[in-house]
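Let's walk through this one together, one question at a time. Have a look at the picture first, then read on.

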Amino acid sequence: MIANASSVLQSVSSEATMQIAKEFACDLPIPFRFYLSGELGCGKTTFVRGLLCGFAAIEQVRSPTFALVEIYQVHNHRIAHMDFYRCRYGSEWLDAGLSETIDQTDLCLIEWPEKAIDLPQPDIHLIIEDGESEQQRKLAFNAYTRQGKKCLARV
């Protein structure tokens, strides 16, 4: 079992959050699971946009809030961006057949993982909280795997 490693970064704006995400995207190991938690409007999708822009040069990131999942095929990578905010019960993601999607992607990004039960362990779980001002955010990263710890150590 890998001991949990953590790091807290401060973001002063949406642009800064995207830049932090782009730094995480550099040399991101594959496969990789990244979970994101925080209140509505805190910047989870903004972080995902930055990560995908840095990882696979994806500029147009659609929010999967209503679709539950958006799949991107870039170069040889299959990327799944999921949002469980609208899930009505904990196993809805399983009933929708998304366990196979999680297992078959190179990069899996899940917003609102706390609304689901029995998710596989993430490499990194990011918790975003409000900062001292309206634009500021506290980004708390927790790594749960060797890959996650290596990624966290680079930033």
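Q: How many bridges join S2 to strand S5, and do they run parallel or antiparallel?
A: Keep in mind that this is a predicted model. Strand S5 covers residues 107-111, and its partner here is S2. Across that pairing, Tyr 35 stands opposite Ile 110 in S5. The two strands are joined by five bridges, and they run parallel.

Q: In what order do the seven strands form the open sheet, and which are the edge strands?
A: The pairing in this open sheet is mixed, and the twist averages 15 degrees from one strand to the next. Reading across, the order is S1-S7-S6-S2-S5-S4-S3. An edge strand pairs on one side only, and that description fits S1 and S3.

Q: Which residue in the hairpin of S3 and S4 takes a positive phi?
A: S3 (residues 69-74) and S4 (residues 77-83) run antiparallel, with six bridges joining them. Tyr 72 stands opposite Ile 79 in S4, and Tyr 72 also belongs to the covered face of S3, along with Glu 70 and Val 74. Two residues sit between the strands of the hairpin, and the one with a positive phi, near 55 degrees, is His 75.

Q: Which helix gives the largest share of the largest nonpolar core?
A: That core has 31 residues, and those touching the most other members are Phe 24, Phe 34, Phe 47, Leu 52, Ile 79 and Phe 141. Several elements give two or more residues to it, including H1, S2 and H5. One helix, residues 44-56, lies across S2, S3, S4, S5, S6 and S7, running at about 170 degrees to S5. With six residues, the largest share comes from that helix, H2.

Q: Where do the buried residues of H5 fall, seen down its axis?
A: Helix H5 spans residues 146-154, and its buried residues are Gly 148, Cys 151 and Leu 152. Seen down the axis, these fall within an arc of 100 degrees, so they line one face of the helix. Arg 146, Lys 150 and Ala 153 are exposed on the other side. So the buried residues of H5 share one face, within an arc of 100 degrees.

Q: Which residues of H5 is Phe 24 in contact with?
A: Leaving aside neighbours within four places in sequence, Phe 24 is in contact with residues including Phe 34, Phe 47 and Phe 141. Helix H1 (14-25) is among the elements that cover the buried residues of H5. The contacts of Phe 24 that lie in H5 (residues 146-154) are Cys 151, Leu 152 and Arg 154.

Q: How many residues apart are Arg 33 and Asp 103?
A: These two form a salt bridge, with the closest N and O atoms 3.7 Å apart. At 23% relative accessibility Arg 33 counts as partly exposed, while Asp 103 counts as exposed at 56%. Arg 33 is in strand S2 and Asp 103 in helix H4, so the pair links distant parts of the chain, 70 residues apart.

Q: Is Arg 137 buried or exposed?
A: The structure holds four salt bridges, and one of them joins the side chains of Arg 137 and Asp 130 (3.6 Å, N to O). Asp 130 counts as exposed, at 59% relative accessibility. The cut-off for buried is under 20%. At 14%, Arg 137 counts as buried.

Note on methods: Residues are numbered from 1 along each chain as its sequence is written. This is a predicted model: local features need pLDDT of at least 70, side-chain atom pairs count only at pLDDT 80 or more; totals for chains, interfaces and linings use all residues. Side-chain values use heavy atoms; hydrogens and water are left out. Buried means under 20% relative accessible area, exposed over 50%, partly exposed in between (1.4 Å probe, protein chains only). Helices (H or I, at least four residues) and strands (E, at least two) are DSSP runs, numbered from the N terminus. The arc is that of the directions from the helix axis to the C-beta atoms. Contact means heavy atoms within 4.5 Å. Two strands pair if DSSP finds at least two bridges between them. Axes are lines fitted to C-alpha atoms, for helices over the stretch in contact, and angles run from 0 to 180 degrees between N-to-C directions. A nonpolar core is a set of buried Ala, Val, Leu, Ile, Met, Phe, Trp, Tyr and Cys residues joined through side-chain atoms within 4.5 Å.
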